[in-house]
Amino acid sequence: MARSPSPGRLPPGERAPYQFKPHERPFMPGSPATPDHPLPRRIGYFLVGVLLGIAGGFANGLLLGNTQQIQGAFGLSSVEVGWLAAAYSMTNVCTSMMLVKFRQQFGVALFARIFLPAFAIVSCAQLFLDSYPLELLLRGISGIVGSGLTSFALFYFMQSMTPATRLAGMVLGVGMSQVALPFARAISPLLLAQGDIHHLFAFELGLSLLCLAGTAVLPLPPSETFDAFEPLDFVSFGLLAPGLALLCGVLSQGRTVWWTTPWIGWALAGAIVLIAAVNAIEHNRANPLLNIRWMASRNIVLFTLLAATMRVLLSEQGFGSVGLLTVLGMGPDQLVKFYAVVTLASICGLVVGVVTLNPNDVLRPLLVSTALIGIAAWMDSDATNLTRPANLYFSQALIAFATLLFVGPLMMIAMFRALSRGPSHMVSYTAVFGISQTVAGLAGTALLGSIQIARERLYSNELVQGIQLTDPLDVNRMAQLSGAYARVLGDPALRQAEGAALLGQQVTREANVLAYNDVFLLIALLAAVAFVLIAARWLYFRRKGINPLAEDIAALQKLRQARANG
C-alpha cells in the first residue's frame, strides 16, 4: 500500500505541510508529486533539468571522445582502454531497473541525496587517482551514477512542464543525455589545450558541484512510496547484473581481441546461463522483478526488435564516420566543428521530436528517422582518402537529427504499454528500453566493426597482390616514396625499405576507406529494409484507422482518473 508523501523540511510551528490536490499527486509511486508551479519556478526546474541531463551523458562522452588521450596518459594497451568503456556500459545497463524499485521503496529525496554526492565524489577521485584498476572501478561507478542522473533529469523536466505537455518532459530527460555525447567531444580539445587529462576530470567535478547546488536550491517535490523490494529481487538482480555485464564485455572487446579468443566463448556462455536462470526464476513469481510474460508478448518483442534495429543503424555515426575520419588522420582538434554541427543537429532533432510528439501516430517519426539514416549512409559510401570532416557535415547532421527524433516515440510506445498495467511493470519497461539501447548499441558497433576489419583485410590482400615491382608505375611510386628519405638516409637499401613501409601504410589506408564504404552501404541497405517494413505497418494502420496504442492510452486514462478520485 502506498505511503503518502512526506512533508519535507519545514520550520517547526510556522506552517502546515502542503496538501496536494488529487491531480497533483504522483501518478506512480517513486516519482515526485506534480504541483502547479508558477512560471519562474518551472523555468528553474527546466534549467536544472538541462544541467542534470548534460551531466548524465557527459562522463561517457568524455571517455569515448578522448580514448587515445586517456590511453596515453595511463600507458594502456588498446584492450585495457577498451575495458574502461566496457565498465561504464556493464554497470549502466543493469542499474536503471533497480533504481526504479529504489525510488518506489524510499522515495526520490533519498535517491537524490545518494546519487548527486556520488557523482561529485567520483569526479573528485579522478583528479587524484592515476591507477588503472581504480580508474576502471571509477568508470563502473560512473555508469551507475549516469543512470541515476538521467532519471533525475527526467523528473526535473517533467516539473517544468504543464500537465498537458508532461510527456514532453520525459522525452527531454532522455534526449538531453544523448545531446551531451557529441557536446562532450566538441569541447574536449579546449579542455585538453595544455595536454593535461586531469582538466577533463576537473570539468566533470565542476559540473557535479553545479548539479548539487541546483538541486539543493530547487529540490523535487516529495513522492509516495510503498514496500517494493522482495528478497528474491536481489537474487534475480544478482544473476542478471553479471550476466549482462559479461554480455557487454563480449560485445565491447570481441572485435579488439577477436572473436576466436577463448575467454569470449566462456563469457558468452556464462551470460546465457545467468540470464536464463533469471528467466526461470522470474517466470513463475507472483510479484516478479521482471515480468517475463509481458516482456515476451508480441508487442514488446516487436518493440525490442525495432529499438535494437534503430540503435544498430545509428552506429553509423559513433563507429562509421568517426572511424573513417580517424583512419584518415583526423584527431580531436580537427573534429571540433564536426561535433559542433552534430550537437546542433541533435538539439534540432530533440526540439522537433518534442514538438511533433503524437501518441496517435508513433510510427511516423520512426519512418522519417530510418529514411534519414539510409540517405546519410548512402551519401557517405563514396568516401576517398581526400574525405575531410566538412564533407560529412550534412550526412552526419541528418543522422544526429534522426537519433533524437526517434527517441521520444520509441520510449512512448513501451512506456504507455507499461504504465497502463501499473507500477509493477515499470521495472520491466526500464529493463527492455535500457537493454535494447545499450546492448544493441554495443552489438551494432561490434557487428559493423567486425565487418570493417574483415573487409579491410580482404582489400589489403587484393591491393598488395596488385603491386608488381616489374610494373614501371609501381617502381616509380616506390622511388618517389623512398626519395623522401634521401637527405637523412644514405643507404639505398634502407631508403627502399622505408619507401616500402610508406607504401604499405598507403595500402592499409586505402583498404580501410574501401571497407568503411562497404559498411556505409550495408547500413543504407539495412535502413532501406527497415523503412519498407515500418512504412508497410504505418500504411496499414492509417488505412484501417488503427492506433496501436489506443487500448493502452484508454487504460492509462482510467488509471489516472481512478487515482485522482481516490
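In which helix does F128 lie? In this predicted model, F128 belongs to helix α4, which covers residues 108-128. Helix α4 has 21 residues and spans 31 Å from its first C-alpha to its last, close to the 30 Å expected at 1.5 Å a residue. F128 is exposed, because its relative accessible area is 63%, and over 50% counts as exposed.

Other residues of α4 are buried, namely V108, F111, A112, F115, L116, F119, A120, V122, S123, A125 and Q126. An α-helix has 3.6 residues a turn, so residues three or four places apart point the same way. The buried residues of α4 pack against four helices: α1 (39-65), α3 (78-106), α5 and α7 (198-217).

On the surface, F128 joins L129, L134, L137 and I141 in a nonpolar patch, and together these residues have about 440 Å² of accessible area. The most to this patch is given by helix α5 (residues 132-160), with 3 residues.

In the interior, the largest nonpolar core contains 129 residues, and L52, F152, L290 and Y429 have the most contacts inside it. Helix α15 (residues 393-419) gives the most to this core, with 15 residues. When neighbours within four places in sequence are left aside, Y429 is in contact with W294, M411, A414, M415 and A418. Another core, of 12 residues, lies apart from the largest one; among its members are L325, F338, Y339 and V342.

Charged side chains were also examined. Side chains of opposite charge can pair when their charged atoms come close. The structure holds 3 salt bridges. In one of them, D233 pairs with K101, and the closest N and O atoms are 3.3 Å apart. D233 lies in helix α8 (residues 231-257) and K101 in helix α3, so this salt bridge ties together parts that are 132 residues apart in sequence. Both D233 and K101 are buried.

A salt bridge also forms between D518 and R455, with 2.9 Å between the closest N and O atoms. This pair links distant parts of the chain, since D518 is in helix α18 (residues 492-544) and R455 is in helix α16 (residues 426-465), 63 residues apart. R455 is partly exposed, with a relative accessible area of 28%.

E510 and R509 form a salt bridge as well, their closest N and O atoms being 3.3 Å apart. E510 is partly exposed, at a relative accessible area of 26%, and R509 is partly exposed, at 29%.

Notes
Residues numbered from 1 in each chain as written. Predicted model: local features only at pLDDT ≥ 70, side-chain atom pairs only at ≥ 80, totals over all residues. Heavy atoms only, no water. Patch = residues over 30% accessible without salt bridge, like charges linked within 9 Å, V, L, I, M, F, W, Y side chains within 5 Å. Areas by Shrake-Rupley, 256 points an atom, 1.4 Å probe, with all protein chains shown as cover. Salt bridge = Lys/Arg side-chain N within 4 Å of Asp/Glu carboxyl O. Helix = DSSP H or I, 4+ residues; strand = E, 2+ residues; numbered from the N terminus. Buried < 20%, exposed > 50% of the residue type's maximum accessible area, 1.4 Å probe, protein only. Core = buried A, V, L, I, M, F, W, Y, C linked by side-chain atoms within 4.5 Å. Contact = heavy atoms within 4.5 Å. Expected span 1.5 Å × (residues − 1).
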